[in-house]
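Trainee: I should like to request a close look at one strand and at what surrounds it. Please explain each technical term as it arises.

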Amino acid sequence: MATKQRIKYCEICEKDFSTMYRIQHKLPEKWIFACKECLLDLKKENPNYVYGGTWKK
């Protein structure tokens with residue numbers, strides 16, 4: 001039996017990753033999934049940044 005691989009899509013860089021971060025980064029507040037690299041860029045000096053958890057495969 002094949003193992004189902006779980007991968008999510010980064011809404012910023014549009015690439016697939018097996019570990020993603022659920023965040024809000026702008027108004028209006030909307031939850032998105034972002035990769036670690038995009039997360040680090042988006043949270044810099046951003047008063048609208050909110051962390052919502054880590055998703056792993």
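Trainee: Which residue in β5 stands opposite threonine 19?

Mentor: The partner of threonine 19 in β5 is lysine 56. Before we build on that, please note that this is a predicted model, in which local features need a pLDDT of at least 70 and side-chain atom pairs count only at pLDDT 80 or more, while totals for chains, interfaces and linings use all residues. Residues are numbered from 1 along each chain as its sequence is written, and side-chain values use heavy atoms, with hydrogens and water left out.

The chain has one helix and five strands, arranged β-β-β-β-α-β from the N terminus on. These elements are DSSP runs numbered from the N terminus: helices are H or I runs of at least four residues, and strands are E runs of at least two. Strand β3, which covers residues 19-24, is joined to β5, residues 50-56, by five bridges, and the two run antiparallel. On its other pairing, β3 is joined by three bridges to β4, residues 32-34, again antiparallel. Within that second pairing, arginine 22 stands opposite phenylalanine 33, and isoleucine 23 stands opposite isoleucine 32. Two strands are said to pair if DSSP finds at least two bridges between them. Strands of a sheet pair through backbone hydrogen bonds, either parallel or antiparallel.

The result is an open sheet of three strands in the order β4-β3-β5, with antiparallel pairing. Strands β4 and β5 are its edges, as each pairs on one side only. On average, neighbouring strands of this sheet are turned by 35° against each other, direction ignored. Helix α1, residues 36-43, lies across β3 and β4 and runs at about 25° to β3. For such angles, axes are lines fitted to C-alpha atoms, over the stretch in contact in the case of helices, and the angles run from 0 to 180 degrees between N-to-C directions.

Consider next tyrosine 21. Setting aside residues up to four places away in sequence, tyrosine 21 touches Ile32, Phe33, Ala34, Cys35, Lys36, Leu39, Tyr51, Gly53 and Thr54; contact here means heavy atoms within 4.5 Å. Tyr21 also belongs to the largest nonpolar core, a group of eleven residues that further includes Met20, Ile23, Ile32, Leu39 and Trp55. Strands β3 and β4 and helix α1 each supply at least two residues of this core. A nonpolar core is a set of buried Ala, Val, Leu, Ile, Met, Phe, Trp, Tyr and Cys residues joined through side-chain atoms within 4.5 Å. Buried means under 20% relative accessible area, exposed over 50%, and partly exposed in between, with a 1.4 Å probe and protein chains only. By this measure, 26% of the 57 residues of the chain are buried. In soluble globular proteins, nonpolar side chains tend to be buried together.

Cys35 is one of the core residues, and cysteine 35 is buried at a relative accessible area of 3%. The structure nevertheless holds zero disulfides, a disulfide being a pair of cysteine sulfur atoms within 2.5 Å. Cysteine 13, for example, is in none, for the nearest cysteine sulfur, that of cysteine 10, is 3.6 Å away. The sulfur of cysteine 35 is likewise unbonded, because the closest cysteine sulfur, in cysteine 38, is 3.6 Å away, too far for a bond. In contrast to buried cysteine 35, cysteine 13 is partly exposed at 28%.

Just before β3 along the chain lies strand β2, residues 16-17, which contains phenylalanine 17. Phenylalanine 17 is partly exposed at 29%, and its contacts beyond four places in sequence are Ile7, Lys8, Cys10, Cys35 and Trp55.

Finally, let us follow the chain out of β3. The loop between β3 and β4 holds proline 28, and a cis peptide bond with omega of about -5° joins leucine 27 to proline 28. Most residues other than glycine have a negative phi, and most peptide bonds are trans. Further along, in the loop between α1 and β5, lies glutamate 45, whose phi is near 45°, a positive value in a residue other than glycine. Glutamate 45 counts as exposed, at 84% relative accessibility.
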